[in-house]
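Biologist: Please take a close look at a single part of this model, and then follow the same kind of detail elsewhere in the chain. I would like burial and pairing treated together.

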Amino acid sequence: MMKDPLSHAMRNVPRYTSYPTAPHFHDGVTAKTYANWLSAISPDDSLSLYLHVPYCRELCHYCGCHTKATRQDAPLKTYAATLGQEISLVSEHLANAGPVRHIHWGGGTPSLLPRQSLIDLAGLLRVQFDLDPKVEHAIELDPRLVSAELAETLALIGVNRASLGVQDFDPDVQRAIGRVQPYGIVEQAVAHLRSAGLEDLNFDLMYGLPGQTSATILDTVEKTLSLAPGRIALFGYAHVPWMRKHQRLIDESTLPNAAERLQLADLARAELIKAGYVAVGLDHFAKPDDSMAVALEDGSLKRNFQGYTTDQGDQLIGFGVSSIGKLSSGFIQNMPDVGNWRRAVMAGQLPVSKGLALSTDDRLRGRIIEEIMTNYACDLTPVCQAFGLSVQHVQDALAALDELASDGLVRVQRDDEQTARLEVTEAGRPYVRLAAAAFDAYLADSQASGKARHSAAV
């Protein structure tokens, strides 16, 4: 039986949307490196495209994204033009790539781009890439900015999934996080999207926000269920004011404590499951007939920088400021500031800032971590064998799981020294990031050096 749930819940570990995680990227990966990696992509490699738009009309206090506020349209038009140039530049290095299976617009608020810019960029993607007829084309939206015209534009350019940043419906919580959007606004946004034929909708909710209580989060879940999105993400708020200075606008004394955070997460989770949603991984929920629930059932669920995903692309290519791509050879990240990014693209240079070439050990541990995060289990024997290694190669991780096993959060089955199977128990699922962290070969050094600071496990 678990001795102290809070001691586990408040451990700081990565979210594992990648492995190795972004703090370990370095400037030894250059534009030339990236060009070589792109050229190595073959017709057998399907693609996933991510387009980052780092602008919002205003910054929400809780936001951890790479974005800035603008009230002007001129920077958006210029950014869109440069984004188009980068798309063309990257495509020059992709002579024989396979079809695009997934497109995702993130931010920021990508729908702030002018209507014609959205149309032009979507058209450019169709010209430069071979889009799979069944491509999933997703975009992140601010409900306050969804008009009937925008919904029609999104349908026109082929968007077939939209994610709405709801976070919380309580007026006091909304004021505390700097994002006031009454229920009626979200309801109207949903109506516009569905009228335009966009039926596949995601809602993003958060727990651990300032002023949240059991009553407010249950009310938020109830209102969410009334709008019946196909998927719901329930993220724990990560208060990292040392990384995001605008989070200092949040009064820390109003944040739920560790026990309250855990209670909020449990309450919301129980209500969503009671309503018939399938729990998917750490923080997602989907209707049983949604493609994400189907992917969980058939073992094809993936995890990347957008969190849990049905994206089956072999190679992820990122466009725009600070965007991250993952190719077979490794990770690359674009320059984080608009000025340098734009100057590089205008000069015909891939705007790479840093990255990381993957070793065999990185690939092995990354595969194990993804299995744990998506399936709550991993048969280590065949996974290690697929990389030409034995289970003994990850003996350090198995030893690190002892505390979690003694508290009933994981089970490790070993028939002999060459076999091992890990399973996260039902009680351990909220703490799944801790099981994944046992396989992180970089974590101890980064925590000791202060190179990376992470959010609470729950």
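Modeller: Asp 200 is partly exposed, at 38% relative accessibility; buried means under 20% relative accessible area, exposed over 50%, and partly exposed in between, with a 1.4 Å probe and protein chains only. The model is predicted, so local features need pLDDT of at least 70 and side-chain atom pairs count only at pLDDT 80 or more, while totals for chains, interfaces and linings use all residues. Residues are numbered from 1 along each chain as its sequence is written, and side-chain values use heavy atoms, with hydrogens and water left out.

The partner of Asp 200 in a salt bridge is Arg 161, and their closest N and O atoms are 4.0 Å apart. Arg 161 belongs to strand S6 (residues 161-167) and Asp 200 to the loop between H7 and strand S7 (201-207), so the pair ties together parts 39 residues apart in sequence. A salt bridge here is a side-chain nitrogen of Lys or Arg within 4 Å of a carboxyl oxygen of Asp or Glu. Helices (H or I, at least four residues) and strands (E, at least two) are DSSP runs, numbered from the N terminus. Unlike the partly exposed Asp 200, Arg 161 is buried, at 3% relative accessibility.

Strand S6 also holds Gln 167. This residue is not a glycine, yet its phi is positive, near 70 degrees. Gln 167 is buried, with a relative accessible area of 7%.

By the salt-bridge rule, the count comes to 16. One of them joins the side chains of Asp 142 and Arg 179, with 3.4 Å from N to O. Asp 142 lies in the loop between strand S5 (131-141) and H5, and Arg 179 in the loop between helix H6 (171-177) and helix H7 (183-195), so this pair ties together parts 37 residues apart in sequence. Asp 142 is buried at 7% relative accessibility, and Arg 179 is buried with a relative accessible area of 7%. Both residues belong to a network of salt bridges that also links Glu 58, Arg 71 and Arg 144.

Asp 219 and Lys 223 form another salt bridge, at 2.7 Å from N to O. Both lie in helix H8 (residues 214-227), four residues apart, which is about one turn of the helix. Asp 219 is partly exposed at 26% relative accessibility, and Lys 223 is partly exposed at 25%.

Helix H5 (residues 148-156) contains Thr 153. Thr 153 is buried, with a relative accessible area of 3%. Leaving out residues up to four places away in sequence, Thr 153 touches Arg 115, Leu 118 and Ile 119; contact means heavy atoms within 4.5 Å.

Val 352 is part of strand S16 (residues 352-357) and is buried, with a relative accessible area of 11%. Beyond its neighbours within four places in sequence, its contacts include Val 29, Thr 30, Ala 31 and Tyr 34, and also Ile 332 and Met 335. The C-alpha atoms of Val 352 and Met 335 are separated by 5.7 Å, with their positions 17 residues apart along the chain.

Tyr 376 is located in the loop between helix H12 (360-375) and S17. Phi of Tyr 376 is positive, about 60 degrees, although the residue is not a glycine. Tyr 376 is buried, with a relative accessible area of 5%.

Strand S17 (residues 377-379) is joined to S19 by three bridges, and the two run antiparallel; strands pair if DSSP finds at least two bridges between them. Within this pairing, Ala 377 stands opposite Glu 423 in S19. S19 also pairs with strand S18 (residues 410-413), in the antiparallel sense over four bridges, and there Val 410 has Val 424 as its bridge partner.

In a regular strand the side chains alternate between the two faces of the sheet. In S19 (residues 421-424), Leu 422 and Val 424 point to one face and are buried, while Arg 421 and Glu 423 point to the other and are not.

Two peptide bonds need a note. The bond from Tyr 19 to Pro 20 is cis, with omega near -10 degrees, and Pro 20 lies in the loop between helix H1 (5-9) and helix H2 (31-39). A cis bond also joins Gly 107 and Gly 108, with omega about 15 degrees; Gly 108 is in the loop between strand S4 (100-107) and helix H4 (115-128).
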